[in-house]
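Subject: Structure handover

Hello,

Here is the structure I said I would pass on. Please open it alongside this message.

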Amino acid sequence: MLALPYLFEFWALPHQLAPDGAWKSWVIMGGRGAGKTRAGAEWMRAQVEGARPLDAGVARRVALVGETVDQVREVMIFGESGILACSPPDRRPDWEAGRKRLVWPNGAVAQVFSAHEPESLRGPQFDAAWVDELAKWKRAEETWDMLQFALRLGTHPRQVVTTTPKNVGVLKSILKNPSTVVTHAPTEANRAYLAASFLAEVKARYEGTLLGRQELAGELLEDVEGALWTADAIDACRSEPPERLSRVVVAVDPSVSGTAGADECGIVVVGALTEGPAKDWRAWVLEDATVAGGSPQKWAEAVAAAFHRHGASRVVAEVNQGGALIESLMRSVDAFLPVTKVSASRGKAARAEPVAALYEQGRVHHLRGLGALEEQMCQMARTGFNGRGSPDRVDALVWALTDLMIDAAKGQQVPQVRGL
């Protein structure tokens with residue numbers, strides 16, 4: 001019974017157990033608090049420990065590599081899920097601070113390395129390694145390359161990488177390697193070991209954002225080549241709107257068909273503060289009210305509801321399909337709904353480029369909870385849309401910002417300030 005707490009295979013979650021097979025690199029990719037550190041520490045234990053405390057394991061000389069020496073020591077070794085916390089008393093290694101290494105009772109040795117000093121890996125040799133938070137290292141490529149040359153002992157040297165994913169070249173290269181295996185889990189998977197208040201707070205703040213998908217869901221968000229928007233750029237533009245906005249519009253990219261397989265009806269609400277010179281105007285994306293499937297009556301009702309919910313001044317509707325039918329449909333839901341009809345004479349990407357330029361100038365801001373819209377934005381490139389189906393949410397966003405920021409700046413009259 002005394003050994004039960006140290007039998008990790010009994011307690012582990014599926015993503016924390018090493019896959020079968022002759023892999024070289026095992027990448028454990030997950031959200032914050034998903035149990036990556038514990039998995040890395042337990043895998044290292046499994047490599048160096050034998051059947052009995054003094055028996056040799058499959059590895060005797062191992063590397064522990066983190067962003068800094070302090071982070072290796074405080075997280076990978078002495079952390080609550082680190083090697084010392086996971087080791088039973090009769091197998092617990094000794095920390096030799098002066099030599100920056102761990103020494104196990106059976107003679108196995110783990111040396112500590114910092115990713116700030118990749119050259120320190122030139123010379124030593126190992127039969128196993130644990131790499132922590134690789135995706136945030138500033139010199140990741142150099143450090144990883146030096147480690148690969150050092151993994152040359154034993155019959156099959158291997159390494160585990162524990163990291164929250166980021167869109168960096170070295171991680172994407174490792175994931176594409178045929179000798180790499182991956183396990184993945186969101187933060188939620190480890191909820192039994194996390195404070196309920198922590199989960200509630202981070203979900204309320206970040207769920208539905210690109211940052212949440214990366215840091216909580218543990219997803220690798222890759223930029224499309226030639227993308228008009230990137231995940232990092234969108235996350236950098238988050239802010240709350242002022243109490244008063246000059247105008248609020250609801251833009252709609254209608255779905256004329258009401259069939260089950262029809263495209264979504266993109267509905268996006270945007271407000272703008274358009275006082276002073278046009279270069280000082282700012283806009284805030286307030287809501288993505290897009291309707292998936294359903295009848296035209298359903299999305300028309302959603303448009304009217306968004307209009308009244310935000311105290312909007314106008315509905316901007318694309319009428320390339322449906323024409324007058326679209327306006328009459330919305331007026332059947334609300335007879336006094338002010339509708340501006342717009343027609344697309346250029347392709348989606350060409351229409352989106354001037355709007356993307358507004359983002360580059362820091363003039364458009366996002367509230368949280370716009371994840372589905374932002375995902376489509378990151379799939380829109382200068383050559384066209386790279387995602388599935390039609391970018392209806394992006395189309396609606398483009399129409400709204402064109403009306404509020406681009407057309408208005410060309411000399412259209414801007415109504416007086418009104419409250420939200």
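Below is what was found in it, from the whole chain down to single residues.

Please keep in mind that this is a predicted model.

The whole chain

The protein chain has 420 residues, and 50% of them are buried. Its secondary structure comprises 14 helices and 18 strands. Along the principal axes, the C-alpha atoms fill a box of roughly 85 × 45 × 40 Å. Of the contacts with a separation of 6 or more, 70% are between residues 24 or more positions apart.

The chain exposes about 19,400 Å², and 51% of that area comes from carbon and sulfur atoms. As for charge, there are 47 positive and 51 negative charges, and the mean positions of the two sets are 2 Å apart.

Helix 10

Helix 10 covers residues 296-309. Does its length agree or disagree with what its residue count predicts? It agrees: at 1.5 Å a residue, 14 residues should span 20 Å, and the end C-alpha atoms are 20 Å apart. The buried residues of this helix are Trp299, Ala300, Ala302, Val303, Ala304, Ala306 and Phe307. After the helix comes Gly311, which has a positive phi, near 60°.

Helix 12

Two residues of helix 12 were looked at. The helix runs over residues 348-360 and contains Ala356; Lys348 lies in helix 12 too.

Is Ala356 buried or exposed? Its relative accessibility is 3%, and because the cut-off for buried is under 20%, Ala356 counts as buried. Leaving aside neighbours within four places in sequence, Ala356 is in contact with Leu228 and Trp229. Leu228 is 128 residues away from Ala356 along the chain, yet their C-alpha atoms are separated by 6.0 Å.

Lys348 has a relative accessibility of 32% and therefore counts as partly exposed, since that class lies between 20% and 50%. Not counting residues up to four places away in sequence, Lys348 touches Met380, Ser390, Pro391 and Asp395. Phe126, by contrast, is 222 residues from Lys348 along the chain, and the C-alpha atoms of these two are separated by 53 Å.

Arg238

Arg238 sits in the loop between helix 9 (231-235) and strand 9 (244-245). With a relative accessible area of 15%, Arg238 is buried. Which residue's side chain is joined to that of Arg238 by a polar contact of 2.9 Å? The partner is Glu374. The side chain of Arg238 also reaches a backbone atom, the oxygen of Leu367, at 3.4 Å. Leaving aside neighbours within four places in sequence, the residues in contact with Arg238 are Thr209, Leu210, His366, Leu367, Arg368 and Glu374. Glu374 and Leu367 thus appear in this list as well as in the two side-chain distances just given, 2.9 Å for Glu374 and 3.4 Å for Leu367.

Gln47

The last residue on the list is Gln47, found in helix 2 (residues 36-48). Gln47 has 10% relative accessibility and so counts as buried. With neighbours within four places in sequence left aside, Gln47 is in contact with Gly57, Val58 and Ala59.

If you want somewhere to begin, Arg238 and its polar contact with Glu374 can be found in the viewer, followed by Ala356 and Leu228.

Regards

Conventions. Residues numbered from 1 in each chain as written. Predicted model: local features only at pLDDT ≥ 70, side-chain atom pairs only at ≥ 80, totals over all residues. Heavy atoms only, no water. Helix = DSSP H or I, 4+ residues; strand = E, 2+ residues; numbered from the N terminus. Buried < 20%, exposed > 50% of the residue type's maximum accessible area, 1.4 Å probe, protein only. Contact = heavy atoms within 4.5 Å. Polar contact = N/O pair within 3.5 Å; in protein donor to acceptor, adjacent residues only side chain to side chain. Areas by Shrake-Rupley, 256 points an atom, 1.4 Å probe, with all protein chains shown as cover. Lys, Arg positive; Asp, Glu negative; His and termini not counted. Charge placed at Lys NZ, Arg CZ, Asp CG, Glu CD. Expected span 1.5 Å × (residues − 1).
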